[in-house]
Amino acid sequence: MDSRNGSAPQIPLDAEMESFFDSAPPLKDSAGITQKLKEFIEFNSAPPGKGSPRRVVCVTSGGTTVPLEQRCVRYIDNFSSGHRGATSTEYFIKAGYAVIFLYRRGTFQPYCRSLPEDPLLECFECSDDSSIRVRQPYTEAVKRAISDHHAAVAGGHLLKLPFTTIFEYLQMLQTIAMSVRALGSHAVFYLAAAVSDFYVPWKSMAEHKIQSASGPMDMRLVQVPKMLSVLKKGWVPMAFCISFKLETDSKILLEKAEMALKKYGMHMVVANELSTRKEEVTVVTGNEKILVCCDKTQPDSDVEKPLIELIVGRHSAYVKDSDC
Ligand code: PMT
């Protein structure tokens, strides 16, 4: 077990995972992250006033990077804009959940999807008296983004934790898992991040920028251990776990999703194909394949709304069963 996580119970890791965590550079501000999580979970377990405890979901979003040099100039990236994770976060909060949003720096953020790509330069202008104001077409969108985001963060329902590398992502996922473990079936993991499958172990990585003068380069990448099994079977055995399966070949998608469901003990696997991921997904469970689509008759409809409705319903049934 990784001894850096002080509050973690002793859960054995297999050799591959042990070697991954041993080779990872220590997570910056690990104690600060653990403290933020502790406060967030405590607050949502006993909200002030007469509020009932909120269920907690960890939404992962965006792609992890694999650095090729310790003083990183070059890296391998994984595709994900973060749209799925950011949009799903909004619907989870609306449904009454507290969300730990584990996201890749620079990707889509909750409540910002109706803003243009460069909101600072496009939405604002300087007026004659040197004050800054919102440009007319964006007034409503900016107001809504600021007030919804503020309500979620200041209200204690949204905790945002950024990552960049695969090392940061998996260490933070472990820290989150250990922090929510005591919530049992009330915790959900919604693993929409695109996670690297291969990496360069920190100790065998070049320290400085790799030089091109010596011609073509061979590099050996090691397989990143799948964390889904250890998450479900070791770290949070009672949590409701949803993973994603992304493929570009629709012929193998459902078969791979079913395999992941069985192999990693997930409650649901959301199968999506790269080119249609915004219009439809198929949710694979033990005995069903449920096609979830956006409502094409509505202008701003998205697939996350019906998807999160389905998940919240299934999670509620799971909590009820677990409490019996
Ligand atoms: O962000 P968008 O642009 O909106 O796109 C959303 C999305 C397509 C990225 C998202 O819907 C999605 O499918 N995310 C998962 C992508 C992915 O990594 O798929 P995979 O088939 O490689 O991995 C399957 C699962 O295994 C994932 O839940 C991942 O968290 C997990 N995994 C992967 C590698 C690894 N070493 N360990 C893991 O646990």
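# Exercises on a predicted model

Ser 130 sits in the loop that links strand S5 (124–126) to strand S6 (132–134). The model is predicted.

**Exercise 1.** Decide whether Ser 130 and Tyr 111 are buried or exposed.

*Solution.*
Step 1. Recall the cut-offs: buried needs 20 or more other C-beta atoms within 10 Å, exposed needs 12 or fewer.
Step 2. Take Ser 130. It has 6 other C-beta atoms within 10 Å, so Ser 130 is exposed.
Step 3. Take Tyr 111, in the loop between strand S4 (98–104) and helix H4 (119–123). It has 23 C-beta neighbours inside 10 Å, so Tyr 111 counts as buried.

**Exercise 2.** State the sign of phi for Tyr 111 and for Ser 130, and set it against the general rule.

*Solution.*
Step 1. Start with the rule. Most residues other than glycine have a negative phi.
Step 2. Check Tyr 111. Its phi is near 75 degrees, a positive value, and the residue is not a glycine.
Step 3. Check Ser 130. Its phi is positive too, about 70 degrees, and this residue is not a glycine either.

**Exercise 3.** Find the strands joined to strand S11 (residues 240–247) and give their directions.

*Solution.*
Step 1. Look at strand S8 (residues 187–191). Four bridges join S8 to S11, and the two run parallel. Leu 191 stands opposite Ser 243 in S11.
Step 2. Look at strand S12 (residues 268–273). Six bridges join S12 to S11, again parallel. Here Ile 242 faces Met 268 of S12.
Step 3. Add the helix. S11, helix H8 (residues 250–264) and S12 form a β-α-β unit, and this unit is right-handed.
Step 4. Check the cover. Six of the eight residues of S11 are buried, so the strand is mostly covered.

**Exercise 4.** Describe the shell around the ligand: which element gives the most, and which kinds of residue does the shell hold?

*Solution.*
Step 1. Find the elements. Helix H3 (83–94) and S11 each supply at least two residues. S11 gives the most, with four.
Step 2. Pick out the nearest residues. Of the 21 around the ligand, these are Ser 81, His 83, Arg 84, Phe 244 and Leu 246.
Step 3. Sort the shell by kind. Ten residues are nonpolar, six are polar and five are charged.

**Exercise 5.** Locate the domain that UniProt records and describe its span.

*Solution.*
Step 1. Read the record. The unreviewed UniProt entry places "domain: DNA/pantothenate metabolism flavoprotein C-terminal" at residues 180–290.
Step 2. Turn to the model. The end C-alpha atoms of residues 180–290 lie 29 Å apart.
Step 3. Give the make-up. The span is 22% helix and 27% strand.

Technical notes. Residues are numbered from 1 along each chain as its sequence is written. This is a predicted model: local features need pLDDT of at least 70, side-chain atom pairs count only at pLDDT 80 or more; totals for chains, interfaces and linings use all residues. Two strands pair if DSSP finds at least two bridges between them. A crossover is right-handed if, with the strands pointing away from the viewer, the path from the first strand over the helix to the second runs clockwise. A residue is near a molecule or strand if its C-beta atom, placed from the backbone, lies within 6 Å of it. Ala, Val, Leu, Ile, Met, Phe, Trp, Tyr, Cys and Pro count as nonpolar, Asp, Glu, Lys and Arg as charged, and the others, Gly among them, as polar. UniProt positions are given in the numbering used here, feature names are shortened, and annotations may be inferred rather than shown by experiment.
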